Amino acid sequence: MAITGLLEPSLKLILFGGKGGVGKTTCASCAALYLANNNKNTLLISTDPAHSLSDSLGKEIGDEIKQIEGVDKLSAIEISAEKALSKFKIEYEDELRRLFDTSTYLDKEDIDAILGLPIPGIDEVMGFKTIVDLIEEGKFDKYVVDTAPTGHALRLLTFPELLDDWVKVMAKMRWKYRYMVTSFAGKYKPDSADDFLMSMKKTVKKIEGLLKDQNRCEFIVVTIPEDMAIKETERMVKSLNQYRIKVKQMVINNVIPEEGRCSFCQARREGQDKYIGEIRGKFSDLNITIIPLQPHEVKGTDALKNIGNMFFAG
Ligand SMILES: Nc1ncnc2c1ncn2[C@@H]1O[C@H](COP(=O)(O)OP(=O)(O)OP(=O)(O)O)[C@@H](O)[C@H]1O
Ligand SMILES: [Mg+2]
């Protein structure tokens, strides 16, 4: 079986996720190469702070979109969440200051301190905002995302909720301010801080709409036939479903091939078969693709392309 449906024109965003070390980066790179070779203008994106796309593709990639040499339709970017956050703060500094200034009793120093504080999860949030902005720009047919190991990826998906809560609190504070201004001045004229909140609200809606739209977005789970990986996979699929992100396909990677087995490999494969059976039982509604363990690391565009052509399909 192969991972199917990737060439569907409506499908824009394809995310690969799973436990650490199971082959997320490899699968995302293979899928991106497959798409690029099938004439889809593809952007391969990494949101893992421990970026490894450069190692996987064997080409230097950075935090700017870069066309991959030798593959016409493939570009890649390793998003720096830290940079995305500081860009956001610079871009909206006036609006953020105005919000705090008009809605709280904080003075300038307090506001400076707040804007300088590290906010837990904000880096993932900004990483996601960058992806959404890229999709909005619409320069590519497909956006393939190599996510960081499970916990990180799931935090990424709580982004809309987190941002929505934040906007709600801010809007409430603004509303009080608005009420006061109206009481005293008789009339309230919305300013740039109101516009900012409105545009954040729209961003939340857009992201939620995209993530939950099965035609436009697909989350492919990668796992390996091992006990701990299965347990983590179960938790991940459950969490994704809770966010109403439907998982339809799964990759079981590193499966020892049937042919030419020595007794050591045979014993390993028997152990794997038990877990493969367990995965098939637990995820019977998913399209499951087995990718065999290769004799060598899967690195560089040629090796990735070969795997991509074998295990990914239109
Ligand atoms: N089917 C395979 N056969 C042989 N080697 C593989 C296979 N799949 C992946 N690898 C190798 O295993 C290593 C880990 O794969 P990869 O980096 O894709 O995992 P990952 O899930 O992205 O890891 P991390 O959680 O650290 O980001 C890489 O060196 C890769 O080349
Ligand atoms: Mg990786």
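# A tour from helix H9 to the sheet

Select Asp195, Ser199, Lys202, Lys205 and Gly209: these residues of helix H9 are exposed, on the other side from its buried residues. The model on screen is a predicted one.

**Stop 1: the rest of H9.** Extend the selection to residues 192-212, the 21 residues of H9. From first C-alpha to last, H9 reaches 30 Å, close to the 30 Å expected at 1.5 Å a residue. Now colour Ala193, Leu197, Thr203, Ile207 and Leu211, which are the buried residues of H9. Why do they fall on the same side of H9? Because they cover an arc of only 115° around the axis. The general background is that an α-helix has 3.6 residues a turn, so residues three or four places apart point the same way.

**Stop 2: H4 against H9.** Keep H9 on display and add helix H4, residues 93-103. The axes of H4 and H9 come within 8 Å and cross at roughly 110°, which makes H4 roughly perpendicular to H9. To see where the two meet, show Asp94, Glu95, Arg98, Leu99 and Thr102 in H4. Their counterparts in H9 are Ser192, Ala193 and Phe196. Ala193, seen at the previous stop, is one of the buried residues of H9.

**Stop 3: the end of H8.** Go to Ala185, which lies in helix H8 (residues 159-185). Is Ala185 buried or exposed? Ala185 is exposed, because just 9 other C-beta atoms lie within 10 Å, and a residue counts as exposed at 12 or fewer. Then draw a distance from Ala185 to Leu154: the two are 31 residues apart in sequence and 46 Å apart in space, C-alpha to C-alpha.

**Stop 4: the whole chain.** Zoom out. Along the principal axes, the C-alpha atoms of the protein chain fill a box of roughly 85 × 40 × 35 Å. The chain holds 12 helices and 8 strands. Of its 314 residues, 38% are buried. Of the contacts with a separation of 6 or more, 77% are between residues 24 or more positions apart.

**Stop 5: the sheet.** Hide the helices and show the strands. In what order do the 8 strands stand? They form an open sheet with mixed pairing, in the order S3-S4-S2-S5-S1-S6-S7-S8. Strand S3 (66-67) and strand S8 (287-292) stand at the edges with a single partner strand each, so one side of each has no neighbour in the sheet.

**Stop 6: from the S3 edge inward.** Begin at S3 and move along the sheet.

- S3 and S4 run antiparallel and are joined by 2 bridges; Lys66 stands opposite Ala76 in S4.
- The hairpin of S3 and S4 has 6 residues between the strands, and in the turn Gly70 has a positive phi of about 90°.
- In S4, 5 of its 5 residues are buried. Leu74, Ala76 and Glu78 are on one side, Ser75 and Ile77 on the other, so both faces are covered.
- S2 and S4 run parallel, joined by 5 bridges; Leu43 has Ser75 of S4 as its bridge partner.
- S2 (residues 42-46) pairs with S5 (residues 142-146) in the parallel sense over 5 bridges. Thr42 has Lys142 of S5 as its bridge partner.

**Stop 7: H1 on the sheet.** Bring back helix H1, residues 24-37, which packs on the sheet. It touches S1 (13-18), S2, S4 (74-78), S5, S6 (217-223) and S7 (249-255), and its direction makes about 165° with that of S5. H1 has 14 residues and reaches 20 Å from its first C-alpha to its last, close to the 20 Å expected at 1.5 Å a residue. Colour the helix by burial: 13 of its 14 residues are buried, so H1 is largely enclosed by the rest of the structure. Just after H1, select Asn39, which takes a positive phi of about 70°.

**Stop 8: H10 and H11.** Next show helix H10, residues 227-242, lying across S1 and S6. H10 runs at about 165° to S6. Add helix H11, residues 263-282. How do H10 and H11 pack? Their axes are 10 Å apart, at an angle of about 10°, which makes H10 roughly parallel to H11. To finish, select the residues that make the contact: Asp227, Ile230 and Glu234 of H10, with Tyr275, Glu278, Ile279 and Lys282 of H11.

How values were computed: Residues are numbered from 1 along each chain as its sequence is written. Chains are lettered from A and ligands numbered from 1 in the order in which they are written. This is a predicted model: local features need pLDDT of at least 70, side-chain atom pairs count only at pLDDT 80 or more; totals for chains, interfaces and linings use all residues. Helices (H or I, at least four residues) and strands (E, at least two) are DSSP runs, numbered from the N terminus. The expected span of a helix is 1.5 Å times one less than its number of residues. A residue is buried if 20 or more other C-beta atoms lie within 10 Å of its own, exposed if 12 or fewer, and partly exposed in between; C-beta atoms are placed from the backbone. The arc is that of the directions from the helix axis to the C-beta atoms. Two residues are in contact if their C-beta atoms, placed from the backbone, lie within 7 Å. Two strands pair if DSSP finds at least two bridges between them. Axes are lines fitted to C-alpha atoms, for helices over the stretch in contact, and angles run from 0 to 180 degrees between N-to-C directions. Angles under 35 degrees count as roughly parallel, over 145 as roughly antiparallel, 65 to 115 as roughly perpendicular and the rest as oblique.
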